[in-house]
Amino acid sequence: MNLWGIRNWEAVQPLLVQHLYLSVVPTLIGVVVAIPIGLLLRDRRRARTVAVVLSSAIFTIPSLALFVVLPLLLGTRVLDPINVVVALTLYTVALSVRTTFEALDAVPAATREAATAVGYSSWRRATAVDLPLAIPVLTAGTRVVAVTNVSMVSVGAVIGIGGLGQLFTTGYQRDFPEQILTGLVLILLVAIVFDRIIALVGRAFTPWIRGASLRASERRLRALAQALPEVGRLREVVSGAR
Amino acid sequence: MLADLAAYLGDGTNWAGSTGILNRLVEHVGYSALALLVGAVIAVPLGLAIGHTGRGEGIIVGLANTMRALPSLGLMTFLVLLMSSTLIPPITALVALAVPPLLAGVYAGIANVDRSVVDAARAMGMTEWQILLRVELPNALPLIVGGLRGATLQVVATATIAAFVNLGGLGRYIFDGLALYDYTRVLLGALLVTALALVLDGLLALVVKLVQPGTGRMTVRDTGLQAAIDDRAPAAPTA
């Protein structure tokens, strides 16, 4: 094995570390910020609509545009990694607030009413009933946003702060495809590992799901829905338009 | 900074010519349209086939997951070095980005059609082709356009990066501005791309409403474009 990435591990390793930092930190902050927002706004119709519209608007901003405009808004330097962290955190919050709404909506109404009937306060119901039951949908949404973040960090390379994405820019400038390929493979690997870790954490927090046996057709449908949040969202768009 | 930007926009000479704003806008829309067209040629027949037969869903799931993780910048630069062509590699990378949402939209649209409607059409003696083209396709249109909307958003945003591999488009302002430390130009590029994405997204949201089948057809609700914008829900953040 005489791969470029192995021969030059000393150069690749710091980029890998930066890539992990730039993708993991925004994902964690974003999800932690989004869940309380989702819990607070889910039953307030108007505020919820505003949150959904706002998050859609944030998505529409191309990441490169956000990376270069943020220094102006934050007063940071153009080459400050904080710009990438803030941009990706914004995208994560926007996506996760919507996911939190969907996850909480998936909790059966009867279960919530039962909790109220046996005397749970709204705060205890939110933390002890709503949140645990929302974990499967939350996990699925977080996996999507995490993988997207891992891929999107590399765009930052064109402004000099993109972790492994820098292998693309320097590989391109040096006319050296193997360097670019190394970056592509490593980013895919990071995405897969990150995705698996979140899936495992989600399973660890929902021990009651493991015992339940799903019918094969149901399992297939769930796999499809988890892999393709687009489809779920598309349905939502159409039902909203009707 | 904003005054500089206003002055730049106010100067007519910055709009005309081969490096003017109008031409950059046309280039940007051109790359995006070409990629979406090629993407549709691939995704629509495949999505129709998978949706109609119900076989091959695994392809869609696998493709969507892989493409989400694959960085466009890497794909673009890699292909440029391999192909030594200026146009084909960036367009290929954009096509790769456009196919998954288009495919998901077409597939979901067809698979979402009420089974009893399809069965009724079959019972009346329609052939499979007639069912596909006259029953399933019209009913699937809103979701198909929804998929197109998601794909458009991603492609328009990512076409900005094409300027990194020496193509034109609105990304030119960002990359040239960064190279020259001309921040006004960078800001101009960022604002133009965002505005283009917003306008196209709003228009396609309107189209989603217009293609609703049934008696409600062609009736845009009183709130009009604003409601269309309220309902929009792009698939994922865009590169």
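## Conventions

Helices (H or I, at least four residues) and strands (E, at least two) are DSSP runs, numbered from the N terminus. The model is predicted: local features need pLDDT of at least 70, side-chain atom pairs count only at pLDDT 80 or more, and totals for chains, interfaces and linings use all residues. Residues are numbered from 1 along each chain as its sequence is written, while chains are lettered from A and ligands numbered from 1 in the order in which they are written.

## Chain A: annotated spans and Val144

UniProt, in an unreviewed entry, assigns the feature "transmembrane region" to residues 20–41, 50–72, 78–97, 144–168 and 180–205 of chain A. Its positions are given in the numbering used here, feature names are shortened, and annotations may be inferred rather than shown by experiment. Residues 50–72 of chain A are 91% helix and 0% strand, with end C-alpha atoms 26 Å apart. For residues 78–97 of chain A the figures are 80% helix, 0% strand and 28 Å.

A:Val144 lies in helix H7 (residues 122–153) of chain A. A residue is buried if 20 or more other C-beta atoms, placed from the backbone, lie within 10 Å of its own, exposed if 12 or fewer, and partly exposed in between. A:Val144 has 25 such atoms within 10 Å and is therefore buried. Its C-alpha atom is 9.4 Å from that of A:Leu95, although the two residues are 49 apart along the chain.

## Chain B: fold and annotation

Chain B contains ten helices and zero strands. Of its 239 residues, 47% are buried. Contacts (C-beta atoms, placed from the backbone, within 7 Å) between residues at least 6 apart in sequence join residues at least 24 apart in 71% of cases in chain B.

An unreviewed UniProt entry places "domain: ABC transmembrane type-1" at residues 25–204 of chain B. That span is 83% helix and 0% strand, and its end C-alpha atoms are 18 Å apart.

## A bent helix

Helix H7 (residues 128–158) of chain B has 31 residues, yet its end C-alpha atoms are only 38 Å apart, against 45 Å for a straight helix at 1.5 Å a residue. The expected span is 1.5 Å times one less than the number of residues. H7(B) bends by about 55° at B:Leu141, the angle being taken between axes fitted to the seven residues ending there and the seven starting there. A proline, B:Pro142, follows within four residues.

## The largest nonpolar core

A nonpolar core is a set of buried Ala, Val, Leu, Ile, Met, Phe, Trp, Tyr and Cys residues joined through C-beta atoms within 7 Å. The largest has 122 residues, of which B:Leu94 and B:Ala98 touch the most other members. Helix H5 (residues 88–111) of chain B supplies the largest share of this core, 15 residues.

Beyond its neighbours within four places in sequence, B:Leu94 is in contact with B:Tyr31, B:Ala35, B:Val155, B:Thr158 and B:Ala159.

Technical notes
Contact = placed C-beta atoms within 7 Å.
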